[in-house]
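Trainee: I have just opened this one and would like a slow walk through it. Could you start wherever you find it easiest?

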Amino acid sequence: MTVYTTMDSPLGELLLVGEESATAKGGVALASLSLPGQKGGAVVRDGWVRAPEAFGEIAGQLRAYFEGGLTHFDLEYVDGGTDFQRRVWQALDAIPYGATATYGQIAARVGSAGPGVRAVGTAIGRNPLLVVRPCHRVIGADGALRGYAAGVERKERLLGLEGALVS
């Protein structure tokens, strides 16, 4: 069963979507976390059940992150995406809190350097788990903040929270 809730955050109202899971902390595996106005963000669908109580663990970790007390999420995610996207997303998960990586570095890590950088950028743009899967930590080779589905100003805010802003 697909469940959802919303919660306030410094970035705006978050939409959390999950699926019941016997192995996830709190009983829900996170399928999507999106922000208002996000390109390709989730929208509530018929048949989804509003269940704020099911997201207690996830919401608690998000609050701790936004308060500066959590540097790594310990959540179960719903499997999704292509094999290539999952490899890129695993590379995102490996970028430590407070650090950044370039699109080219991510491409090299997944064996897709050179012309594959564009494909990596597309895979990053399809990340359904903003904030918790840290695509905001990926920057341009020149240090510029490029492309973030929820807007570059939110990317800048997240990097500022983590102390990773480049000058």
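**Helix, sheet and pocket**

Mentor: This is a predicted model, and a good place to begin is helix α1 (residues 56-66), which lies across β1, β2 and β3 and runs at about 145° to β2.

Trainee: In what order do the strands of that open sheet come?

Mentor: The order is β3-β2-β1-β4, with 4 strands forming the open sheet and a mixed pairing. β3 (28-34) and β4 (49-50) stand at the edges, and because each has a single partner strand, one side of each is left without a neighbour in the sheet.

Trainee: And how do β1 and β2 pair?

Mentor: Strand β1 (residues 2-7) and strand β2 (residues 14-20) pair in the antiparallel sense, over 6 bridges, and V3 stands opposite G18 in β2.

Trainee: Switching to α2, which of its residues are buried?

Mentor: In helix α2 (residues 83-93) the buried ones are Q85, V88, W89, A91 and L92. Seen down the axis of α2, these buried residues fall within an arc of 155°, so they line one face of the helix. D83 and Q90, on the other side of α2, are exposed.

Trainee: What covers the buried residues, then?

Mentor: The cover over the buried residues of α2 includes α3 (103-109), α4 (116-125) and β6 (138-139).

Trainee: Last topic: what lines the largest pocket?

Mentor: The largest pocket, with a volume of about 890 Å³, is lined by 42 residues, and I124, G125, R126, N127 and P128 lie nearest its centre. The elements giving two or more residues to that lining are β2, β3, α2 and α4, and α4 gives the most, with 6 residues.

Key. Residues are numbered from 1 along each chain as its sequence is written. This is a predicted model: local features need pLDDT of at least 70, side-chain atom pairs count only at pLDDT 80 or more; totals for chains, interfaces and linings use all residues. Side-chain values use heavy atoms; hydrogens and water are left out. Buried means under 20% relative accessible area, exposed over 50%, partly exposed in between (1.4 Å probe, protein chains only). The arc is that of the directions from the helix axis to the C-beta atoms. Contact means heavy atoms within 4.5 Å. Two strands pair if DSSP finds at least two bridges between them. Axes are lines fitted to C-alpha atoms, for helices over the stretch in contact, and angles run from 0 to 180 degrees between N-to-C directions. On a 1 Å grid over the protein atoms alone, a cavity is a set of points where a 1.4 Å probe fits but cannot get out, and a pocket is an open set with protein on both sides within 12 Å along at least five of seven lines; lining residues have an atom within 4 Å of a point. Grid points are joined across faces, edges and corners, and a volume is the space filled by probe spheres set on the points.
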